[in-house]
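Here are my notes on the model, as numbered points. Please read them with the structure open beside you.

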Amino acid sequence: MAAGKRLDLRNVFAPHHTCNGIMRRLVLRLLRRVRAWSAGPNLCMAFAGDAAPCSELPDGYALATAPISDAAWAQLLSAGGELGPWDALRLHTEMALLVPETQVFLTGVDAQPVACAGVYERDPESWEIGWIAVHPEHRRRGLGEAVTGLALQRAVELLPRAILLYTQDHRLGAIRLYLRLGFEPALRHRSHRRRWRAISKSLPREVAAHVVSSLQVN
Ligand SMILES: CC(C)(COP(=O)(O)OP(=O)(O)OC[C@H]1O[C@@H](n2cnc3c(N)ncnc32)[C@H](O)[C@@H]1OP(=O)(O)O)[C@@H](O)C(=O)NCCC(=O)NCCS
């Protein structure tokens, strides 16, 4: 390797290399875990409003009224790849934490689910808006805001507790959406203030100013 050149394991384990695909996938998965671990725990945001904002559903979409199968739900959560792979086991593990009657699905013209979010109870002191996803073919139409807003409405109607959500530094689109809905950074780890400051540099000026001022009162 030439001096100063960074070792890229994606090349070392490229498909043409003698190492087989399984090894490559294992190493890449391990690398992702190490990177996530070294970055610190997930960022936390807390809802700072009193009432959930009302977001309009974009034309052609509706709130699902018929039950959605577990297979269709897992497919939606897996569709973009950002939330990792979903199978029945993972889905049922998370469903055990889901607050009854809070899961929201939005459907498209063919009645297939295209967006989802729900309220989860991971501890007795807060509600978590979780597993927010919009199918990649239906993004940037306002569905993310609508489905998160609807789950938020359900959380607000529950016993009064902090309403939180967790995200990661690179999910700038999701972070902008959460800020728009009234969530603010909640500092839960010594790395969080520094990470929010870094994130604010990638946000539009007014949004960044709001984030930075919320860090001062936190
Ligand atoms: C994050 C996620 C849910 C957002 O879903 P979405 O449907 O694209 O969200 P929205 O359409 O409500 O908002 C996204 C952007 O589209 C814009 N938008 C909304 N309606 C629009 C329209 N009609 N035309 C163009 N843009 C539009 C919004 O202004 C917003 O832009 P901005 O963030 O740059 O200000 C989606 O990208 C996703 O599923 N990501 C993968 C899973 C994930 O990361 N989940 C969050 C885990 S914490």
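1. Contact range. Take contacts in the protein between residues at least 6 apart in sequence: 65% of them join residues at least 24 apart. Bear in mind that this is a predicted model.

2. Overall make-up. The protein has eight helices and seven strands. Its chain counts 218 residues, and 38% of these are buried.

3. Main core. The largest nonpolar core holds 38 residues. Which residues have the most contacts inside it? They are L106, I129, I163, Y178, F183 and W196. Helix α5, residues 143-157, gives the most to this core, with seven residues. There is also a second, separate core of 14 residues, and A72, A74, L76 and F105 are among its members.

4. L106. This residue is one of those with the most contacts inside the largest core. Its partners, not counting residues up to four places away in sequence, include L57, A62, L63 and A64. L106 also touches Q112, P113, V114 and A115. The rest of the list is L143, A146, V147 and L150.

5. V119. Strand β4, residues 113-123, contains V119. Is V119 buried or exposed? Its relative accessibility is 0%, so V119 counts as buried; the cut-off is under 20%. Leaving aside neighbours within four places in sequence, V119 is in contact with L97, L98, V99 and T102. It also contacts W127, E128 and I129, and further along A151, R154, A155 and L158. One C-alpha distance is worth checking: V119 and G130 are eleven residues apart in sequence and 6.0 Å apart in space.

6. V134. This valine sits in strand β5, residues 126-134. It has a relative accessible area of 10% and is therefore buried. Setting aside residues up to four places away in sequence, V134 touches L76, V114, A115, R139, L143 and G144. L76 belongs to the second core. V114 and A115 lie within the residue range of β4, and L143 and G144 within that of α5. V134 and V147 are 13 residues apart along the chain, and their C-alpha atoms are separated by 8.7 Å.

7. Helices α3 and α4. How do these two helices lie relative to each other? The axes of α3 (residues 70-78) and α4 cross at roughly 95° and come within 10 Å. The pair is therefore roughly perpendicular. From α3, the contact uses D70, W73, A74 and L77; from α4, it uses L91, H92 and M95. By type, the residues of this contact are five nonpolar, one polar and one charged. A74 also appears in the second core.

8. Helices α7 and α8. Helix α7 covers residues 192-200 and helix α8 residues 205-217. They pack at an angle of about 165°, and their axes are 9 Å apart. The two are therefore roughly antiparallel. Their crossing is left-handed. On the α7 side, the contact involves R193, W196, R197 and S200; on the α8 side, A208, V211, V212 and L215. These residues divide into five nonpolar, one polar and two charged. W196 is also one of the residues with the most contacts inside the largest core.

9. S200. What does the α7 serine at this contact touch? Not counting residues up to four places away in sequence, S200 touches A208, V211 and V212. Its place is in helix α7. S200 has 8% relative accessibility, so it counts as buried.

10. Backbone points to check. Which residues other than glycine have a positive phi? E101 is one of them, with phi of about 70°. It is found in the loop between α4 (88-95) and β3 (104-107). At 75% relative accessibility, E101 counts as exposed, because the cut-off is over 50%. R140 is another, with phi near 60°. R140 lies in the loop between β5 and α5. With a relative accessible area of 86%, R140 is exposed.

How values were computed. Residues are numbered from 1 along each chain as its sequence is written. This is a predicted model: local features need pLDDT of at least 70, side-chain atom pairs count only at pLDDT 80 or more; totals for chains, interfaces and linings use all residues. Side-chain values use heavy atoms; hydrogens and water are left out. Axes are lines fitted to C-alpha atoms, for helices over the stretch in contact, and angles run from 0 to 180 degrees between N-to-C directions. Helices (H or I, at least four residues) and strands (E, at least two) are DSSP runs, numbered from the N terminus. Angles under 35 degrees count as roughly parallel, over 145 as roughly antiparallel, 65 to 115 as roughly perpendicular and the rest as oblique. A crossing is left-handed if the near helix is turned anticlockwise from the far one by less than a right angle, and right-handed if clockwise. Contact means heavy atoms within 4.5 Å. Ala, Val, Leu, Ile, Met, Phe, Trp, Tyr, Cys and Pro count as nonpolar, Asp, Glu, Lys and Arg as charged, and the others, Gly among them, as polar. Buried means under 20% relative accessible area, exposed over 50%, partly exposed in between (1.4 Å probe, protein chains only). A nonpolar core is a set of buried Ala, Val, Leu, Ile, Met, Phe, Trp, Tyr and Cys residues joined through side-chain atoms within 4.5 Å.
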